[in-house]
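Dear colleague,

I am handing over the structure below, together with some notes on what came out of going through it. Please read the notes with the structure open beside you.

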Amino acid sequence: MQSINPTDGSPMMPRREFIKTTAAAAVAATPAIFSSATIQPASAKMIGIQAGPVSFVDEGVEQALDIFQNKGAVNTVFLTTFTYGRGLSGRQIAGNPFPDHGKQEPDTDFYHGGNYATPHAEFYQHTALKLTRAPDHGDLDIVAALLPAARKRGLKFFCSIEDVWRSDVPGLSELTEVDLQGRRTTSTLCPLHPEVQAFWTGLATDLCKSYEIDGLLFFNEHNGPLLEALGASHSQRIAASRATCFCEFHKKAARSRGLSFERARDGYIKLNEFVQNSLAGQRPSDGYFVEFWRLLSEFPEIMAWDRLFDEGKHQVLAQVSAAAKSVRPGLQVGFHIEHVNSFNPIFRATRSYADLAAKADFLKIVVYNNCGGERYASFIKNVCSTVFRDVPREELLRFNNHLLNYGDEAGLDALAQAGLSADYVFRETQRALAGVQGKCKILPGIDIDIPTGARSRKATPEDTYAATAAGLKAGADGILYSRKYSEMRLANLAAAGQAVRDFKV
(Lines give C-alpha, C1' and ligand atoms only; values in the text may rest on other atoms or scores of the structure.)
Protein backbone atom coordinates (compact mmCIF):
# COMPACT_ATOMS: atom_id res chain seq x y z
CA MET A 1 0.00 0.00 0.00
CA GLN A 2 1.23 3.50 -0.80
CA SER A 3 1.92 6.27 1.66
CA ILE A 4 3.49 9.67 1.53
CA ASN A 5 7.17 10.56 1.66
CA PRO A 6 7.51 13.59 3.96
CA THR A 7 10.63 14.76 2.15
CA ASP A 8 9.22 15.20 -1.34
CA GLY A 9 5.43 14.79 -1.23
CA SER A 10 5.40 11.63 -3.37
CA PRO A 11 3.65 8.34 -2.44
CA MET A 12 6.47 6.18 -1.09
CA MET A 13 6.86 5.71 2.67
CA PRO A 14 4.97 3.34 5.01
CA ARG A 15 3.72 4.54 8.38
CA ARG A 16 6.41 2.95 10.60
CA GLU A 17 9.26 4.47 8.60
CA PHE A 18 7.45 7.81 8.51
CA ILE A 19 7.31 7.97 12.32
CA LYS A 20 11.02 7.13 12.64
CA THR A 21 12.00 9.65 9.97
CA THR A 22 9.99 12.54 11.36
CA ALA A 23 11.31 11.93 14.87
CA ALA A 24 14.89 11.99 13.59
CA ALA A 25 14.23 15.17 11.63
CA ALA A 26 12.91 16.86 14.75
CA VAL A 27 16.04 15.98 16.75
CA ALA A 28 18.21 17.35 13.96
CA ALA A 29 16.34 20.67 13.77
CA THR A 30 18.66 23.41 15.04
CA PRO A 31 16.67 26.66 15.38
CA ALA A 32 15.75 27.48 18.98
CA ILE A 33 12.07 27.68 18.07
CA PHE A 34 12.12 23.92 17.45
CA SER A 35 13.71 23.05 20.80
CA SER A 36 11.24 21.34 23.12
CA ALA A 37 13.20 22.82 26.04
CA THR A 38 11.78 26.25 25.22
CA ILE A 39 8.13 25.20 25.41
CA GLN A 40 6.06 27.59 27.49
CA PRO A 41 3.68 26.48 30.28
CA ALA A 42 0.23 25.50 29.06
CA SER A 43 -2.74 27.80 29.45
CA ALA A 44 -5.51 26.87 31.86
CA LYS A 45 -7.96 27.51 29.02
CA MET A 46 -8.18 25.42 25.86
CA ILE A 47 -5.88 26.95 23.25
CA GLY A 48 -6.37 24.83 20.17
CA ILE A 49 -5.17 24.72 16.58
CA GLN A 50 -6.82 23.05 13.61
CA ALA A 51 -4.38 21.07 11.47
CA GLY A 52 -4.63 18.54 8.68
CA PRO A 53 -2.55 15.38 8.28
CA VAL A 54 -0.38 16.73 5.46
CA SER A 55 1.25 19.30 7.78
CA PHE A 56 2.70 16.54 9.97
CA VAL A 57 3.78 14.56 6.93
CA ASP A 58 5.48 17.58 5.36
CA GLU A 59 7.09 19.07 8.47
CA GLY A 60 7.43 16.16 10.87
CA VAL A 61 5.35 15.50 13.95
CA GLU A 62 7.79 16.85 16.53
CA GLN A 63 8.71 19.96 14.58
CA ALA A 64 5.07 20.89 13.98
CA LEU A 65 4.17 20.35 17.63
CA ASP A 66 7.15 22.48 18.70
CA ILE A 67 5.83 25.30 16.53
CA PHE A 68 2.33 24.91 17.92
CA GLN A 69 3.52 25.18 21.51
CA ASN A 70 6.32 27.71 21.19
CA LYS A 71 4.69 30.11 18.77
CA GLY A 72 0.99 29.55 19.40
CA ALA A 73 0.96 28.62 23.11
CA VAL A 74 -1.21 25.68 21.98
CA ASN A 75 -2.28 23.05 24.49
CA THR A 76 -4.85 21.21 22.34
CA VAL A 77 -4.50 19.72 18.86
CA PHE A 78 -7.59 19.43 16.66
CA LEU A 79 -6.52 16.96 13.99
CA THR A 80 -8.62 16.83 10.83
CA THR A 81 -9.39 13.12 10.80
CA PHE A 82 -12.30 12.86 8.37
CA THR A 83 -13.19 15.11 5.45
CA TYR A 84 -13.18 15.20 1.68
CA GLY A 85 -12.96 19.00 1.65
CA ARG A 86 -10.01 21.37 1.46
CA GLY A 87 -11.10 23.86 4.09
CA LEU A 88 -9.68 21.74 6.93
CA SER A 89 -7.27 19.45 5.12
CA GLY A 90 -4.56 19.52 2.50
CA ARG A 91 -1.95 22.14 1.76
CA GLN A 92 -2.74 25.73 0.86
CA ILE A 93 -5.62 25.93 -1.62
CA ALA A 94 -4.81 26.78 -5.22
CA GLY A 95 -4.27 30.41 -6.14
CA ASN A 96 -3.03 31.50 -2.72
CA PRO A 97 0.57 32.03 -1.58
CA PHE A 98 2.14 29.32 0.53
CA PRO A 99 2.94 30.18 4.14
CA ASP A 100 6.52 30.23 5.43
CA HIS A 101 6.57 26.57 6.44
CA GLY A 102 5.65 23.23 4.93
CA LYS A 103 5.96 22.16 1.31
CA GLN A 104 5.92 25.04 -1.15
CA GLU A 105 4.02 23.15 -3.80
CA PRO A 106 0.38 22.11 -4.33
CA ASP A 107 -0.90 18.70 -3.31
CA THR A 108 -3.53 18.45 -6.02
CA ASP A 109 -1.83 15.42 -7.58
CA PHE A 110 -2.47 13.25 -4.53
CA TYR A 111 -5.10 14.98 -2.38
CA HIS A 112 -8.26 12.89 -2.08
CA GLY A 113 -9.62 13.05 1.46
CA GLY A 114 -11.61 10.61 3.56
CA ASN A 115 -10.78 8.93 6.86
CA TYR A 116 -7.15 9.51 7.82
CA ALA A 117 -7.42 7.09 10.74
CA THR A 118 -7.94 3.34 10.37
CA PRO A 119 -11.63 2.45 9.90
CA HIS A 120 -12.71 -0.71 11.73
CA ALA A 121 -15.40 -2.55 9.77
CA GLU A 122 -17.55 -3.53 12.76
CA PHE A 123 -18.59 0.09 13.27
CA TYR A 124 -19.96 0.54 9.74
CA GLN A 125 -22.21 -2.50 9.36
CA HIS A 126 -25.41 -0.45 9.05
CA THR A 127 -24.30 1.97 6.37
CA ALA A 128 -23.24 1.71 2.74
CA LEU A 129 -20.38 4.15 3.47
CA LYS A 130 -17.76 1.51 4.20
CA LEU A 131 -14.85 2.44 1.90
CA THR A 132 -13.81 5.86 3.18
CA ARG A 133 -10.14 5.33 4.04
CA ALA A 134 -8.11 8.29 2.70
CA PRO A 135 -5.46 7.11 0.22
CA ASP A 136 -3.44 10.34 0.36
CA HIS A 137 -0.69 9.05 2.63
CA GLY A 138 -0.88 5.33 1.97
CA ASP A 139 -1.07 3.17 5.08
CA LEU A 140 -0.25 6.03 7.45
CA ASP A 141 -2.73 6.24 10.34
CA ILE A 142 -2.22 9.86 11.31
CA VAL A 143 -4.07 9.55 14.64
CA ALA A 144 -1.87 6.63 15.71
CA ALA A 145 1.24 8.52 14.58
CA LEU A 146 0.43 11.84 16.22
CA LEU A 147 -1.39 10.92 19.42
CA PRO A 148 1.60 9.48 21.37
CA ALA A 149 3.76 12.49 20.55
CA ALA A 150 1.02 14.86 21.69
CA ARG A 151 0.51 12.90 24.91
CA LYS A 152 4.22 13.05 25.79
CA ARG A 153 3.94 16.83 25.69
CA GLY A 154 0.80 16.94 27.82
CA LEU A 155 -1.30 18.11 24.89
CA LYS A 156 -4.99 17.34 24.64
CA PHE A 157 -6.07 15.69 21.40
CA PHE A 158 -9.33 15.98 19.46
CA CYS A 159 -10.36 14.46 16.15
CA SER A 160 -12.18 16.84 13.81
CA ILE A 161 -14.76 15.27 11.49
CA GLU A 162 -16.42 17.23 8.68
CA ASP A 163 -19.54 16.55 6.63
CA VAL A 164 -17.94 17.31 3.25
CA TRP A 165 -17.91 14.64 0.57
CA ARG A 166 -16.75 13.72 -2.92
CA SER A 167 -19.37 12.52 -5.37
CA ASP A 168 -17.37 9.37 -6.20
CA VAL A 169 -17.33 7.91 -2.68
CA PRO A 170 -18.62 4.29 -2.88
CA GLY A 171 -22.13 4.00 -1.45
CA LEU A 172 -22.77 7.75 -1.44
CA SER A 173 -25.15 8.07 -4.39
CA GLU A 174 -28.27 6.71 -2.66
CA LEU A 175 -27.71 8.68 0.56
CA THR A 176 -27.64 12.19 -0.84
CA GLU A 177 -30.42 14.77 -0.69
CA VAL A 178 -33.19 15.06 -3.26
CA ASP A 179 -34.16 18.38 -4.87
CA LEU A 180 -37.50 19.72 -6.15
CA GLN A 181 -37.18 17.85 -9.43
CA GLY A 182 -36.43 14.56 -7.70
CA ARG A 183 -32.73 14.74 -8.62
CA ARG A 184 -30.13 13.63 -6.11
CA THR A 185 -27.39 16.06 -5.20
CA THR A 186 -23.83 15.06 -5.95
CA SER A 187 -22.35 15.09 -2.46
CA THR A 188 -24.70 16.49 0.20
CA LEU A 189 -25.95 13.80 2.56
CA CYS A 190 -29.52 13.68 3.82
CA PRO A 191 -29.38 14.03 7.62
CA LEU A 192 -32.59 12.03 8.06
CA HIS A 193 -31.38 9.00 6.11
CA PRO A 194 -30.84 6.12 8.61
CA GLU A 195 -27.64 5.01 6.89
CA VAL A 196 -26.21 8.55 7.07
CA GLN A 197 -26.95 8.67 10.77
CA ALA A 198 -25.44 5.20 11.16
CA PHE A 199 -22.25 6.36 9.47
CA TRP A 200 -21.71 9.35 11.75
CA THR A 201 -22.43 7.41 14.92
CA GLY A 202 -20.23 4.57 13.66
CA LEU A 203 -17.37 6.94 12.89
CA ALA A 204 -17.68 8.66 16.26
CA THR A 205 -17.75 5.33 18.09
CA ASP A 206 -14.82 3.99 16.06
CA LEU A 207 -12.56 6.96 16.80
CA CYS A 208 -13.46 7.09 20.47
CA LYS A 209 -13.05 3.35 21.04
CA SER A 210 -9.98 2.82 18.89
CA TYR A 211 -7.90 5.73 20.19
CA GLU A 212 -7.39 7.38 23.58
CA ILE A 213 -8.50 10.80 22.32
CA ASP A 214 -10.06 13.56 24.41
CA GLY A 215 -13.06 14.08 22.15
CA LEU A 216 -14.48 15.16 18.81
CA LEU A 217 -15.24 18.38 16.95
CA PHE A 218 -18.01 17.97 14.37
CA PHE A 219 -18.33 20.25 11.33
CA ASN A 220 -21.52 20.54 9.26
CA GLU A 221 -22.07 23.79 7.35
CA HIS A 222 -24.97 22.65 5.17
CA ASN A 223 -27.76 25.22 5.09
CA GLY A 224 -31.47 24.49 5.08
CA PRO A 225 -33.64 24.77 1.95
CA LEU A 226 -34.81 28.34 2.61
CA LEU A 227 -31.30 29.78 2.76
CA GLU A 228 -30.30 27.64 -0.22
CA ALA A 229 -33.22 28.98 -2.21
CA LEU A 230 -32.45 32.62 -1.43
CA GLY A 231 -28.68 32.36 -1.55
CA ALA A 232 -28.77 33.95 1.91
CA SER A 233 -25.20 33.02 2.71
CA HIS A 234 -21.78 34.37 1.84
CA SER A 235 -20.60 31.75 -0.61
CA GLN A 236 -23.34 29.67 -2.15
CA ARG A 237 -24.97 30.22 -5.48
CA ILE A 238 -28.60 31.32 -5.67
CA ALA A 239 -30.33 28.20 -6.97
CA ALA A 240 -33.83 27.78 -5.58
CA SER A 241 -34.58 24.88 -7.92
CA ARG A 242 -31.88 22.89 -6.12
CA ALA A 243 -33.43 23.34 -2.68
CA THR A 244 -33.49 20.09 -0.71
CA CYS A 245 -34.36 17.69 0.74
CA PHE A 246 -37.53 16.08 -0.59
CA CYS A 247 -36.70 12.42 -0.11
CA GLU A 248 -38.82 9.61 1.33
CA PHE A 249 -37.30 10.04 4.81
CA HIS A 250 -38.19 13.73 4.90
CA LYS A 251 -41.66 12.85 3.68
CA LYS A 252 -42.05 10.30 6.47
CA ALA A 253 -40.75 12.76 9.09
CA ALA A 254 -43.11 15.46 7.79
CA ARG A 255 -46.10 13.15 8.01
CA SER A 256 -45.31 12.35 11.65
CA ARG A 257 -45.40 16.08 12.40
CA GLY A 258 -48.61 16.76 10.48
CA LEU A 259 -46.69 18.64 7.81
CA SER A 260 -47.83 18.34 4.19
CA PHE A 261 -45.05 17.15 1.89
CA GLU A 262 -47.01 18.29 -1.16
CA ARG A 263 -47.69 21.78 0.23
CA ALA A 264 -44.06 22.21 1.18
CA ARG A 265 -42.89 21.18 -2.27
CA ASP A 266 -45.44 23.47 -3.94
CA GLY A 267 -44.27 26.33 -1.73
CA TYR A 268 -40.66 25.86 -2.76
CA ILE A 269 -41.66 25.69 -6.42
CA LYS A 270 -43.37 29.07 -5.97
CA LEU A 271 -40.33 30.36 -4.11
CA ASN A 272 -38.14 29.28 -7.02
CA GLU A 273 -40.34 31.29 -9.40
CA PHE A 274 -40.02 34.33 -7.13
CA VAL A 275 -36.23 33.99 -6.98
CA GLN A 276 -35.83 33.58 -10.72
CA ASN A 277 -38.05 36.59 -11.43
CA SER A 278 -36.13 38.64 -8.86
CA LEU A 279 -32.79 37.78 -10.41
CA ALA A 280 -34.21 38.85 -13.77
CA GLY A 281 -35.32 42.19 -12.28
CA GLN A 282 -39.04 41.46 -12.70
CA ARG A 283 -40.36 43.47 -9.78
CA PRO A 284 -43.71 42.39 -8.25
CA SER A 285 -46.27 45.18 -8.08
CA ASP A 286 -46.06 45.24 -4.27
CA GLY A 287 -42.28 44.96 -4.19
CA TYR A 288 -39.85 42.12 -3.59
CA PHE A 289 -40.06 41.86 0.19
CA VAL A 290 -43.86 42.02 0.31
CA GLU A 291 -44.10 39.30 -2.33
CA PHE A 292 -41.64 37.14 -0.39
CA TRP A 293 -43.56 37.59 2.86
CA ARG A 294 -46.81 36.85 1.03
CA LEU A 295 -45.32 33.53 -0.05
CA LEU A 296 -44.40 32.68 3.53
CA SER A 297 -47.93 33.58 4.65
CA GLU A 298 -49.55 31.52 1.92
CA PHE A 299 -47.18 28.58 2.41
CA PRO A 300 -46.13 28.36 6.06
CA GLU A 301 -44.81 24.94 5.07
CA ILE A 302 -41.77 26.73 3.58
CA MET A 303 -40.52 27.67 7.02
CA ALA A 304 -41.69 24.41 8.56
CA TRP A 305 -39.73 22.44 5.96
CA ASP A 306 -36.64 24.48 6.68
CA ARG A 307 -37.03 23.71 10.38
CA LEU A 308 -37.37 20.02 9.54
CA PHE A 309 -33.93 20.15 7.94
CA ASP A 310 -32.51 21.78 11.07
CA GLU A 311 -34.09 19.10 13.24
CA GLY A 312 -32.39 16.41 11.19
CA LYS A 313 -29.04 18.18 11.32
CA HIS A 314 -29.23 18.71 15.07
CA GLN A 315 -30.38 15.13 15.54
CA VAL A 316 -27.10 14.00 13.98
CA LEU A 317 -25.18 16.30 16.32
CA ALA A 318 -26.95 14.79 19.33
CA GLN A 319 -26.30 11.26 18.06
CA VAL A 320 -22.59 11.93 17.58
CA SER A 321 -22.36 13.25 21.13
CA ALA A 322 -24.27 10.30 22.55
CA ALA A 323 -22.09 7.84 20.62
CA ALA A 324 -18.89 9.38 21.99
CA LYS A 325 -20.14 9.44 25.57
CA SER A 326 -21.34 5.85 25.35
CA VAL A 327 -17.68 4.94 24.98
CA ARG A 328 -16.42 7.19 27.78
CA PRO A 329 -18.69 9.69 29.52
CA GLY A 330 -15.81 12.10 30.01
CA LEU A 331 -15.16 12.54 26.29
CA GLN A 332 -15.83 16.08 25.13
CA VAL A 333 -17.85 16.77 21.97
CA GLY A 334 -17.97 20.13 20.27
CA PHE A 335 -19.83 21.55 17.29
CA HIS A 336 -18.66 24.08 14.74
CA ILE A 337 -21.12 26.99 14.38
CA GLU A 338 -20.88 28.29 10.85
CA HIS A 339 -20.04 31.87 9.87
CA VAL A 340 -23.46 32.64 8.40
CA ASN A 341 -24.82 32.56 11.95
CA SER A 342 -22.76 35.67 12.59
CA PHE A 343 -24.20 37.98 9.93
CA ASN A 344 -27.57 36.59 8.81
CA PRO A 345 -30.36 37.45 11.28
CA ILE A 346 -32.78 35.01 9.60
CA PHE A 347 -30.35 32.14 10.05
CA ARG A 348 -29.42 33.36 13.53
CA ALA A 349 -33.07 33.08 14.58
CA THR A 350 -32.95 29.34 13.83
CA ARG A 351 -29.86 28.75 15.99
CA SER A 352 -30.50 28.74 19.72
CA TYR A 353 -27.28 28.67 21.70
CA ALA A 354 -29.24 27.37 24.68
CA ASP A 355 -30.48 24.41 22.63
CA LEU A 356 -27.04 23.68 21.19
CA ALA A 357 -25.50 23.87 24.67
CA ALA A 358 -27.69 20.95 25.70
CA LYS A 359 -26.07 18.78 23.01
CA ALA A 360 -22.42 19.88 23.24
CA ASP A 361 -19.61 20.29 25.73
CA PHE A 362 -18.23 23.22 23.72
CA LEU A 363 -19.11 25.27 20.66
CA LYS A 364 -16.55 26.55 18.23
CA ILE A 365 -18.12 29.79 17.00
CA VAL A 366 -16.82 31.25 13.76
CA VAL A 367 -15.71 34.84 14.30
CA TYR A 368 -13.30 35.09 11.39
CA ASN A 369 -12.76 38.83 11.23
CA ASN A 370 -10.36 39.22 8.28
CA CYS A 371 -12.30 37.12 5.78
CA GLY A 372 -15.49 38.20 7.56
CA GLY A 373 -15.60 41.51 5.72
CA GLU A 374 -15.50 39.79 2.34
CA ARG A 375 -18.09 37.24 3.42
CA TYR A 376 -20.43 39.77 4.99
CA ALA A 377 -20.31 41.90 1.84
CA SER A 378 -21.17 38.84 -0.27
CA PHE A 379 -24.14 38.06 1.95
CA ILE A 380 -25.52 41.59 1.59
CA LYS A 381 -25.11 41.49 -2.19
CA ASN A 382 -26.84 38.10 -2.37
CA VAL A 383 -29.93 39.07 -0.41
CA CYS A 384 -30.10 42.37 -2.28
CA SER A 385 -30.57 40.31 -5.43
CA THR A 386 -33.85 38.79 -4.23
CA VAL A 387 -35.81 39.57 -1.04
CA PHE A 388 -34.30 43.01 -0.45
CA ARG A 389 -33.80 44.05 -4.06
CA ASP A 390 -35.75 47.28 -3.44
CA VAL A 391 -33.31 48.35 -0.72
CA PRO A 392 -30.01 50.09 -1.56
CA ARG A 393 -27.19 47.81 -0.48
CA GLU A 394 -25.48 50.33 1.77
CA GLU A 395 -28.74 51.04 3.60
CA LEU A 396 -29.41 47.34 4.09
CA LEU A 397 -25.90 46.90 5.49
CA ARG A 398 -26.44 49.65 8.05
CA PHE A 399 -29.84 48.22 9.01
CA ASN A 400 -28.41 44.73 9.33
CA ASN A 401 -25.59 46.03 11.52
CA HIS A 402 -28.22 47.33 13.94
CA LEU A 403 -30.03 43.98 13.93
CA LEU A 404 -26.79 42.16 14.69
CA ASN A 405 -25.54 44.60 17.33
CA TYR A 406 -22.41 45.30 15.32
CA GLY A 407 -20.27 48.28 16.19
CA ASP A 408 -18.50 50.67 13.84
CA GLU A 409 -17.71 48.48 10.84
CA ALA A 410 -16.71 49.56 7.33
CA GLY A 411 -19.18 50.50 4.60
CA LEU A 412 -20.03 48.08 1.83
CA ASP A 413 -17.50 49.34 -0.72
CA ALA A 414 -14.66 49.08 1.80
CA LEU A 415 -15.88 46.07 3.79
CA ALA A 416 -13.96 43.33 2.00
CA GLN A 417 -10.70 45.25 2.15
CA ALA A 418 -11.23 46.42 5.74
CA GLY A 419 -12.45 43.13 7.16
CA LEU A 420 -14.41 43.05 10.41
CA SER A 421 -12.97 44.50 13.58
CA ALA A 422 -11.70 42.94 16.79
CA ASP A 423 -14.77 44.49 18.39
CA TYR A 424 -16.85 42.15 16.23
CA VAL A 425 -14.97 39.20 17.73
CA PHE A 426 -15.61 40.56 21.23
CA ARG A 427 -19.35 41.10 20.70
CA GLU A 428 -19.98 37.74 19.05
CA THR A 429 -18.08 35.93 21.80
CA GLN A 430 -20.10 37.69 24.48
CA ARG A 431 -23.34 36.90 22.64
CA ALA A 432 -22.48 33.21 22.55
CA LEU A 433 -21.49 33.16 26.21
CA ALA A 434 -24.77 34.82 27.17
CA GLY A 435 -26.68 32.33 25.01
CA VAL A 436 -25.25 29.15 26.50
CA GLN A 437 -25.56 30.48 30.08
CA GLY A 438 -22.60 28.48 31.31
CA LYS A 439 -24.02 25.14 30.11
CA CYS A 440 -21.16 24.57 27.66
CA LYS A 441 -17.87 26.20 26.75
CA ILE A 442 -17.39 28.78 24.00
CA LEU A 443 -14.27 28.73 21.81
CA PRO A 444 -14.06 31.57 19.27
CA GLY A 445 -12.49 30.45 16.01
CA ILE A 446 -9.76 32.99 15.21
CA ASP A 447 -8.98 33.77 11.57
CA ILE A 448 -5.28 33.16 10.90
CA ASP A 449 -4.59 33.64 7.19
CA ILE A 450 -7.86 32.23 5.89
CA PRO A 451 -7.65 32.85 2.12
CA THR A 452 -9.46 35.90 0.73
CA GLY A 453 -9.71 37.61 -2.65
CA ALA A 454 -6.82 39.56 -4.11
CA ARG A 455 -8.22 42.89 -2.94
CA SER A 456 -9.63 41.68 0.37
CA ARG A 457 -8.04 41.97 3.79
CA LYS A 458 -5.11 39.75 4.69
CA ALA A 459 -4.17 38.80 8.23
CA THR A 460 -1.36 40.65 9.98
CA PRO A 461 0.26 40.00 13.36
CA GLU A 462 -1.49 43.11 14.74
CA ASP A 463 -4.90 41.92 13.52
CA THR A 464 -4.35 38.41 14.83
CA TYR A 465 -3.19 39.62 18.23
CA ALA A 466 -6.18 41.97 18.52
CA ALA A 467 -8.73 39.31 17.51
CA THR A 468 -7.28 36.74 19.92
CA ALA A 469 -7.15 39.28 22.74
CA ALA A 470 -10.75 40.34 22.02
CA GLY A 471 -12.04 36.77 22.37
CA LEU A 472 -10.17 36.30 25.64
CA LYS A 473 -11.23 39.69 26.98
CA ALA A 474 -14.86 38.77 26.25
CA GLY A 475 -14.52 35.82 28.59
CA ALA A 476 -14.12 32.93 26.14
CA ASP A 477 -13.32 29.52 27.58
CA GLY A 478 -10.51 29.15 25.09
CA ILE A 479 -9.43 29.93 21.53
CA LEU A 480 -9.28 27.82 18.39
CA TYR A 481 -6.82 28.93 15.68
CA SER A 482 -8.52 28.41 12.30
CA ARG A 483 -8.95 27.20 9.59
CA LYS A 484 -5.86 25.02 9.23
CA TYR A 485 -2.19 25.26 10.09
CA SER A 486 -1.12 24.76 6.45
CA GLU A 487 -2.55 28.23 5.65
CA MET A 488 -1.04 30.09 8.62
CA ARG A 489 2.04 32.30 8.51
CA LEU A 490 4.22 31.81 11.55
CA ALA A 491 4.31 35.50 12.50
CA ASN A 492 0.52 35.51 12.78
CA LEU A 493 0.45 32.30 14.78
CA ALA A 494 3.07 33.77 17.09
CA ALA A 495 1.00 36.94 17.53
CA ALA A 496 -1.97 34.84 18.64
CA GLY A 497 0.26 32.99 21.06
CA GLN A 498 1.59 36.25 22.44
CA ALA A 499 -1.95 37.43 23.14
CA VAL A 500 -2.61 34.21 25.06
CA ARG A 501 0.53 34.69 27.12
CA ASP A 502 -0.11 38.38 27.73
CA PHE A 503 -3.57 37.62 29.09
CA LYS A 504 -2.09 34.89 31.30
CA VAL A 505 -5.16 32.72 30.76
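Which residues form one aromatic cluster? The members are F82, Y84, Y124, W165, F199, W200 and F218. Before going further I should say that this is a predicted model, and what follows should be read with that in mind.

Aromatic rings and charges

In total, the structure holds 26 aromatic pairs. One of them joins Y376 and Y406, whose ring centres are 5.5 Å apart and whose planes stand at 70°, which makes the pair edge-to-face. Since Y376 belongs to helix α14 (residues 369–383), while Y406 is in the loop between α15 (393–404) and α16 (412–418), the pair ties together parts of the chain that are 30 residues apart in sequence. Y376 and Y406 are both buried.

Two rings also have a charged side chain over them. In one case the charged end of R86 sits over the ring of Y111, at 4.4 Å from the ring centre; in the other, K251 lies over the face of F261, with a distance of 5.1 Å to the centre of the ring.

Strand β1 and its partners

Strand β1 covers residues 46–51, and six of its six residues are buried, so the strand is largely enclosed by the rest of the structure. In a regular strand the side chains alternate between the two faces of the sheet. Both faces are covered in β1, with M46, G48 and Q50 buried on one side and I47, I49 and A51 buried on the other.

The strand has a parallel pairing with β11 (residues 478–482), which extends over four bridges, and within it I47 has I479 as its bridge partner. A parallel pairing over four bridges also links β1 to β2 (residues 76–83), where I49 is matched with V77.

Backbone points to check

Two cis peptide bonds deserve a look. The bond between T244 and C245 is cis, with omega about 5°, and C245 is located in the loop between α6 (225–230) and α7 (248–256). The bond from S482 to R483 is likewise cis, with omega near 5°, and R483 is part of the loop between β11 and α19 (490–503).

There are also two residues to inspect for their phi values. A73, although not a glycine, has a positive phi of about 55°; this alanine is in the loop between α3 (61–72) and β2, and with a relative accessible area of 9% A73 is buried. D449, which is not a glycine either, has a positive phi near 65°. D449 lies in the loop between β10 (441–447) and α18 (461–473), and its relative accessibility of 12% counts as buried.

Packing of α3 against α19

Where do α3 and α19 meet, and at what angle do they pack? Their axes are 7 Å apart and form an angle of about 50°, and the two helices are therefore oblique to each other. On the α3 side the residues involved are I67, Q69, N70, K71 and G72, and these meet L490, L493, A494, G497 and R501 in α19.

Two buried polar residues

Finally, I looked at the surroundings of S233 and D306. S233 is in the loop between α6 and α7, and at a relative accessible area of 3% this serine is buried. Apart from neighbours within four places in sequence, S233 is in contact with N223, V340, S378, F379 and N382.

D306 is part of helix α10 (residues 301–327), and with 4% relative accessibility D306 also counts as buried. When neighbours within four places in sequence are again left aside, the contacts of D306 are with G224, P225, L226, L227 and Y268. As for its position relative to the helix packing described above, the C-alpha atom of D306 is 40 Å from that of G497, and the two residues are 191 residues apart along the chain.

With best regards

Technical notes
Residues numbered from 1 in each chain as written. Predicted model: local features only at pLDDT ≥ 70, side-chain atom pairs only at ≥ 80, totals over all residues. Heavy atoms only, no water. Buried < 20%, exposed > 50% of the residue type's maximum accessible area, 1.4 Å probe, protein only. Pairing = 2+ DSSP bridges. Phe/Tyr/Trp six-rings, centres within 6.5 Å; stacked < 30°, edge-to-face > 60°. Lys NZ or Arg CZ within 6 Å of the ring centre and 35° of its normal. Axes fitted to C-alpha atoms, helices over the stretch in contact; angles between N-to-C directions. Parallel < 35°, antiparallel > 145°, perpendicular 65-115°, else oblique. Contact = heavy atoms within 4.5 Å.
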